[in-house]
Amino acid sequence: DPQAHLFRVTLRVPAPAAPQRVSLPVWIPGSYLVREFGRHLTALQARQGRRRVPLQQIDKTTWQADCRGDQVLEIEYLVYAFDSSVRTAFLDAHRGFFNATSLCLRVEGREAAPHTLALGKLPRGWQVASAMPRRGPRRFESADYDELVDHPFELGTFWRGRFDAHGVPHEFVVTGAWPGFDGDRLLADARRICETQIGFWHGTRKPEAPFDRYVFMLAAVDDGYGGLEHRASTALIARRRDLPQVGVAAMT
């Protein structure tokens, strides 16, 4: 619900424990401060088939489901998302962004299992950007929960461009840029920086980067800045007037 800034999330757990605990992290990789993500979760409901499963809140970020048998456990809830920083989640009529630490409950005891993230119906014309391995148009898969929460997602209508650095595909997505934004110059500058960094850390002769693909997600705003690095992507915020413009010489 973009107008209300709400994501609706459904967690499906095959063969749950009895009882099954789920929890939300209190911090995000790359930003090591306690965050109260759990305060934005509301309207939690749990089911196994037609049976409503009682949910008991253990603490600020932990819930326990009174499961019976191995039937799939489904937990539905809403997440209020109106924080435009790189650390949490945001949703309005023009843009969506989230880190899974804000949206995706951790299934205790199943953290090492593969996780699939499927996006529901998106507004007409919206695109999706993430470094998480894609398994379909709106379906993604991670090796475990730690990887799941280390891949932010950008949703909406945005500019996107690509380049290779030492043979590794890189993608840049920019939302909110002014008309006349010089994407070609941004890609050229970013490529030089990435090639220098990969060469510095991994050798100049056939360097091997520690990722198969990398994504930069940049939100252009009137005033603000920020950045948060992840295993194969970076979420960024910059002022629109600081982006390169066609016909405007770069500062030296």
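How far is the sulfur of Cys104 from the closest cysteine sulfur, and in which residue does that sulfur lie? The distance is 18 Å, the partner is Cys67, and this separation is too far for a bond. The structure on display is a predicted model, and the tour below begins with these two cysteines.

**Stop 1: the cysteines**

Select Cys67 and Cys104 and display their sulfur atoms. A disulfide requires two cysteine sulfur atoms within 2.5 Å, and by this rule the count comes to zero disulfides. Cys67 is accordingly in no disulfide, with the sulfur of Cys104 18 Å away. Cys67 is buried, at a relative accessible area of 5%. Cys104 also counts as buried, at 14% relative accessibility.

**Stop 2: strand β1 and its partner**

Select residues 6-13, which form strand β1. In a regular strand, side chains alternate between the two faces of the sheet. Strand β1 shows such an alternation: Phe7, Val9, Leu11 and Val13 point to one face and are buried. Leu6, Arg8, Thr10 and Arg12 point to the other face and are not buried.

Now add residues 73-80, strand β7, which pairs with β1 in the antiparallel sense over eight bridges. To locate one point of this pairing, select Arg8, whose bridge partner in β7 is Leu78.

**Stop 3: the aromatic residues**

Keep Phe7 selected and add Phe98, Phe140 and Phe153; these four residues form one aromatic cluster. The structure holds 10 aromatic pairs. One of them joins Phe140 and Phe153 in an edge-to-face arrangement, 4.9 Å centre to centre with 90° between the planes. This pair links distant parts of the chain, since Phe140 belongs to strand β14 (residues 139-142) and Phe153 to strand β15 (residues 153-156), 13 residues apart. Are these two rings buried or exposed? Phe140 is buried, with a relative accessible area of 0%, and Phe153 is buried as well, with a value of 1%.

Next, select Trp159 and Phe181. Their ring centres are 5.2 Å apart and their planes stand at 90°, so the pair is edge-to-face. This contact also links distant parts of the chain, 22 residues apart: Trp159 is in strand β16 (residues 159-165), and Phe181 is in the loop between β17 (168-175) and α3 (183-202). Trp159 is partly exposed, with a relative accessible area of 29%, whereas Phe181 counts as buried at 12% relative accessibility.

**Stop 4: helix α3**

From Phe181, move along the chain to Gly183, which lies in helix α3. Gly183 counts as buried, at 6% relative accessibility. A C-alpha to C-alpha line drawn from Gly183 to Val221 spans 16 Å, while the two residues are 38 residues apart in sequence.

**Stop 5: the cavity**

How many cavities of 30 Å³ or more are present? The count comes to one. The largest cavity has a volume of about 50 Å³. To display its lining, select Ser85, Val86, Arg95, Phe97, Glu154, Met217, Leu218, Ala219, Ala235, Leu236 and Ile237. The elements that give two or more residues to this lining are β9 (95-98), β18 (214-221) and β20 (233-239). Coloured by residue class, the lining divides into eight nonpolar, one polar and two charged residues.

**Stop 6: the four-stranded sheet**

Select strands β5, β6, β2 and β10. They make an open sheet of four strands in the order β5-β6-β2-β10, with antiparallel pairing. Strands β5 (55-59) and β10 (106-107) stand at the edges, each with a single partner strand, so one side of each is left without a neighbour in the sheet. Within the sheet, strand β2 (residues 20-23) pairs with β10 in the antiparallel sense over two bridges. To view one position in this pairing, select Ser23, whose bridge partner in β10 is Arg106.

**Stop 7: Arg68**

Finally, select Arg68, in the loop between β6 (62-65) and β7. Is Arg68 buried or exposed? Arg68 is exposed, with a relative accessible area of 57%. Add Gln20 and draw a line between the two C-alpha atoms: they are separated by 9.7 Å, although the residues are 48 residues apart along the chain.

Key: Residues numbered from 1 in each chain as written. Predicted model: local features only at pLDDT ≥ 70, side-chain atom pairs only at ≥ 80, totals over all residues. Heavy atoms only, no water. Buried < 20%, exposed > 50% of the residue type's maximum accessible area, 1.4 Å probe, protein only. Phe/Tyr/Trp six-rings, centres within 6.5 Å; stacked < 30°, edge-to-face > 60°. 1 Å grid on protein atoms, 1.4 Å probe; cavity = no way out; pocket = protein on both sides within 12 Å on 5 of 7 lines; lining within 4 Å. Points joined across faces, edges and corners; volume = space filled by probe spheres on them. Nonpolar A, V, L, I, M, F, W, Y, C, P; charged D, E, K, R; others polar. Pairing = 2+ DSSP bridges.
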